[in-house]
Amino acid sequence: MEWKIDNNKPVYIQLVEQLKVKIISGEIELDSKLDSVRSLAADAMVNPNTMQKALAELEREGFVYSKRTSGRFVTDNTELIENERKNLVKDNVKKTLDTLINLGYTNEEILNLVEEILREDNNE
């Protein structure tokens, strides 16, 4: 797995966000067993305590669950995954819209730009 850690926010929050994206995108399959905390931490090059904190947060949010003596598993709750997917998309679209509005684009210009991009993507 590829990890991107920077200094903009706490590492465990970045791990939570990245693990959610990996689950939502299917990189980590639903209902699959996660690697050990130590293995995930080594892969992300972070302290195991930091990874443990991220996994505990994901468990609190329902994205992973623990089976006694068996380890941690990814949820199979597709409704939770789809809701989080929509929330991530909304957040990213809002950020992009804010940028475009700050650059002086009108709603009509934004819609035209989106249509143009979709046409270009469909012609590839």
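**Figure 1. Residues lining the largest pocket of the predicted model.** The lining of the largest pocket consists of Lys-9, Glu-17, Lys-20, Val-21, Glu-84, Leu-88, Asp-91, Asn-92 and Lys-95. Two elements, α1 (11-25) and α4 (78-102), each give two or more residues to this lining. The greatest contribution comes from α4, with five residues. The volume of the largest pocket is about 230 Å³. Sorted by class, its lining comprises six charged, two nonpolar and one polar residue. The coordinates shown here and in the views below belong to a predicted model.

**Figure 2. The hairpin of β1 and β2.** Strand β1 (residues 64-67) and strand β2 (residues 71-74) run antiparallel and are joined by four bridges. One pairing to be located in this view is that of Val-64, whose bridge partner in β2 is Val-74. Three residues separate the two strands of the hairpin, and the turn includes Thr-69, which has a positive phi of about 70°. For a strand of regular geometry, side chains point alternately to one face of the sheet and to the other.

**Figure 3. Thr-69 in the turn between the strands.** Thr-69 belongs to the loop that lies between β1 and β2. Its phi, near 70°, is a positive value in a residue other than glycine. The relative accessibility of Thr-69 is 85%, and the residue therefore counts as exposed, the cut-off being over 50%.

**Figure 4. Gly-71 and its contacts.** Gly-71 is placed in strand β2. With residues up to four places away in sequence left out of the count, Gly-71 touches Lys-33, Tyr-65 and Ser-66. Gly-71 has a relative accessible area of 28%, so this residue is partly exposed; the class covers values between the 20% limit for buried residues and the 50% limit for exposed ones. Along the chain, Gly-71 and Glu-2 are 69 residues apart, and their C-alpha atoms are separated by 22 Å.

**Figure 5. The buried and exposed sides of helix α2.** Helix α2 (residues 37-44) has four buried residues to be identified in this view, namely Val-37, Leu-40, Ala-41 and Ala-44. These buried residues line one face of the helix, because they fall within an arc of 100° when seen down the axis of α2. Arg-38 and Ala-42, on the other side of α2, are exposed. The packing partners of the buried residues of α2 are α1, α3 (48-61) and β2.

**Figure 6. Met-45, the residue that follows α2.** Met-45 comes after α2 and has a positive phi, near 60°. A positive phi is found here in a residue other than glycine. Met-45 is located in the loop between α2 and α3. With a relative accessible area of 76%, Met-45 is exposed.

**Figure 7. Asn-49 in helix α3.** Asn-49 forms part of helix α3. Its relative accessible area is 61%, and Asn-49 is therefore exposed. The view also relates Asn-49 to Val-37: the two residues are twelve residues apart along the chain, and 8.4 Å separates their C-alpha atoms. Val-37 is itself one of the buried residues of α2.

**Figure 8. Leu-103 in the loop after α4.** Leu-103 occupies a place in the loop between α4 and α5 (107-123). Its relative accessibility is 61%, so Leu-103 counts as exposed. Asn-92, one of the residues that line the largest pocket, serves as a reference point. From C-alpha to C-alpha, Leu-103 and Asn-92 are 17 Å apart in space, and they are eleven residues apart in sequence.

**Figure 9. Asp-121 in helix α5.** Asp-121 is situated in helix α5. This residue has a relative accessible area of 45% and is therefore partly exposed. Asp-121 and Glu-2 are 119 residues apart along the chain, with a separation of 27 Å between their C-alpha atoms.

How values were computed:
Residues numbered from 1 in each chain as written. Predicted model: local features only at pLDDT ≥ 70, side-chain atom pairs only at ≥ 80, totals over all residues. Heavy atoms only, no water. 1 Å grid on protein atoms, 1.4 Å probe; cavity = no way out; pocket = protein on both sides within 12 Å on 5 of 7 lines; lining within 4 Å. Points joined across faces, edges and corners; volume = space filled by probe spheres on them. Nonpolar A, V, L, I, M, F, W, Y, C, P; charged D, E, K, R; others polar. Pairing = 2+ DSSP bridges. Buried < 20%, exposed > 50% of the residue type's maximum accessible area, 1.4 Å probe, protein only. Arc of directions from axis to C-beta. Contact = heavy atoms within 4.5 Å.
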